[in-house]
Amino acid sequence: MKKFLMIALLALVVLGVAPYHSTMADDGVKIKINGELRNFSPGGKLVAGRTMLPVRYIVEDPVVKGQAFWEPEAQRVTIKCGSNEFIFVIGSPVALINGTPFNLDVAPFIYQGRTYLPLRFFAERMGATVAWKARQNTALVNFGPKPRLMGYFYYGTPEELDHESLTDVIFRWLETDGQGNLFYEYWSNDNGAARRQATLERARQNGLKVHASVMLMGWNSAGKEKLHSLLSSPENRRRLIDNLRAHAREFGYDGVNIDLEGIPTADRDNFSLFMSELAAALHEDNLTVSVAAPAKIAGSSWHAGFDYSAVGQAVDYLIVMAYDYTTTTPGPSAPINWFESAVNYALSNVPREKVILGLGTYGRDWNLDQNTRTVLYQDNLDALLASPVARVLGFDQASFTPYIDYRDQNQRQHRVWYENAQSLSEKYAVAIENNLPGISFWR
């Protein structure tokens, strides 16, 4: 298995692994197409974890504009949408698309005089993006451009980039300082250049857009001093912009990502000005400019140094880091209600087409006796699940987050809050419901 959670959970979310359901669920499944609720009767049904929908509701929808033809003797339905022809037979686990057979997870059936087909199978082959919002029992179908799927690369391996659903990779391996100098955070030894080049080549071979990300953390007094020195000085801002521009040209990046965190409130306008200056310079080279934004909610005083509206005007993409809700006391990293509030805040300040929703694919292991925590990676989680230590697996419905309770060898009580396919699928659904242009992953 990969060392980190990023790629494994990316596959689960993007490929649409459905949450567990019983073999046949009651009616009441709702459908939203391009964000608008459709009223159907009878409604959709859940069968073996798949959403089944009466064929005419989706095919003849004004967005799809298809036609369905029913042959009662053959128990067959033929669907024509544009240049595509679909043939389904009641009870058959095989469908034909333009004459080519495809296997179905759930065979079509008839219920209350309606022919039910698997929604995801049909919609995705018509170019739609499909998601499932479990808390509202709602299937989401968006026809339009596919969302970008951006993965942050941090101390990783080239193999992590071998995933067909990724569109962009953001290489978080650059640092800056108070004077706007640029240097590598890691892989700065003799073999570093070769490792970076091999990773860049792997990304390009996979057809990914590549972005150089530069960081400077201001979570302590020394970091805040550096941020102030950088942002308050026109000379230092210009030095960093020139360095980033030259770096992107040298290595052929498609864009630059800014990850300056803990910006002092006094430097709010300075940071907005820096992002405007940076975007103006990099756009001359046709480079994409994105920024990692702390998650904010309406009425909160958190992160006052980051002006969503002003920064959002300058950049191409504002990546909302919708995680790290709690870092000092035990709790989930991204409780779902807070997560949705962060999305709403972003959309109230930044044009929808610029908002990328950031998902965290990590967890934390909290020592409840000493109130400490460790970052949880894939190997740790695998080891815990495979160990003979007594443990309780749970899922907190209020935050929509899985957890593990256990005692270590010293009998100290722990709780691990992490993410799985079910919790990340729900967060992915928030992005699809709001028709955002993409999501990103921080592992």
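In this predicted model, the secondary structure of the chain amounts to 11 helices and 27 strands. The radius of gyration is 24 Å, close to the 22 Å that the globule rule gives for 443 residues, so the chain is as compact as a globular protein of that length. The C-alpha trace spans about 80 × 60 × 45 Å along its principal axes. Of the 443 residues, 54% count as buried. The accessible surface of the chain is about 19,100 Å², and carbon and sulfur atoms account for 48% of that area. Among contacts between residues at least 6 apart in sequence, 64% join residues at least 24 apart.

An open sheet is formed by four strands in the order β2-β1-β13-β12, with mixed pairing. Strands β2 (36-38) and β12 (128-133) stand at the edges; each has a single partner strand, so one side of each is left without a neighbour in the sheet. On average, neighbouring strands of this sheet are turned by 25 degrees against each other, direction ignored.

Both senses of pairing are found around β13. Strand β1 (residues 30-33) pairs with β13 (residues 138-143) in the parallel sense, over four bridges, whereas β12 and β13 run antiparallel and are joined by six bridges. Residue L140 of β13 takes part on either account: K32 stands opposite L140, and L140 is also the bridge partner of A131. Strand β13 is mostly covered, with five of its six residues buried. In the hairpin of β12 and β13, four residues lie between the strands, and N137 takes a positive phi near 50 degrees. Helix α11 (residues 421-433) packs on the sheet, where it touches β1, β12 and β13. The direction of α11 makes about 130 degrees with that of β12.

The nonpolar interior was examined next. The largest nonpolar core has 73 residues, and those with the most contacts inside it are I258, F271 and M275. Leaving aside neighbours within four places in sequence, M275 is in contact with I258, V289, V291, V311, A314 and V315. A second, separate core consists of 30 residues, including I31, I33, L53 and Y57. Two of the residues named in this second core, I31 and I33, fall within the range of β1, residues 30-33.

A further set of contacts links strand β16 with helix α6. Residue L182 is found in β16 (residues 182-184), and H247 is found in α6 (residues 234-251). Beyond neighbours within four places in sequence, L182 is in contact with L174, E175, V214, L240, N243, L244 and H247. The corresponding contacts of H247 are with L174, L182, Y184, A212 and Y253. L174 thus appears among the contacts of L182 and among those of H247. The C-alpha atoms of L182 and L240 are separated by 7.0 Å, although these residues are 58 apart along the chain. The two residues differ in exposure. The relative accessible area of L182 is 23%, above the 20% under which a residue counts as buried, so L182 is partly exposed. The value for H247 is 9%, under that cut-off, and H247 therefore counts as buried.

Several features of backbone geometry were also identified. Most residues other than glycine have a negative phi, and most peptide bonds are trans. A cis peptide bond joins S41 and P42, with omega about 0 degrees. P42 is placed in the loop between β2 and β3 (45-47). A positive phi near 50 degrees occurs at N98, a residue in the loop between β8 (94-97) and β9 (100-103). A positive phi is likewise found at W187, near 55 degrees. W187 belongs to the loop between β16 and α4 (192-205). As to exposure, N98 has a relative accessibility of 43%, which lies between the limits of 20% and 50%, so N98 counts as partly exposed. W187, by contrast, has a relative accessible area of 9% and is therefore buried.

Methods. Residues numbered from 1 in each chain as written. Predicted model: local features only at pLDDT ≥ 70, side-chain atom pairs only at ≥ 80, totals over all residues. Heavy atoms only, no water. Pairing = 2+ DSSP bridges. Axes fitted to C-alpha atoms, helices over the stretch in contact; angles between N-to-C directions. Contact = heavy atoms within 4.5 Å. Rg over C-alpha atoms; globule rule 2.2 N^0.38 Å. Buried < 20%, exposed > 50% of the residue type's maximum accessible area, 1.4 Å probe, protein only. Areas by Shrake-Rupley, 256 points an atom, 1.4 Å probe, with all protein chains shown as cover. Core = buried A, V, L, I, M, F, W, Y, C linked by side-chain atoms within 4.5 Å.
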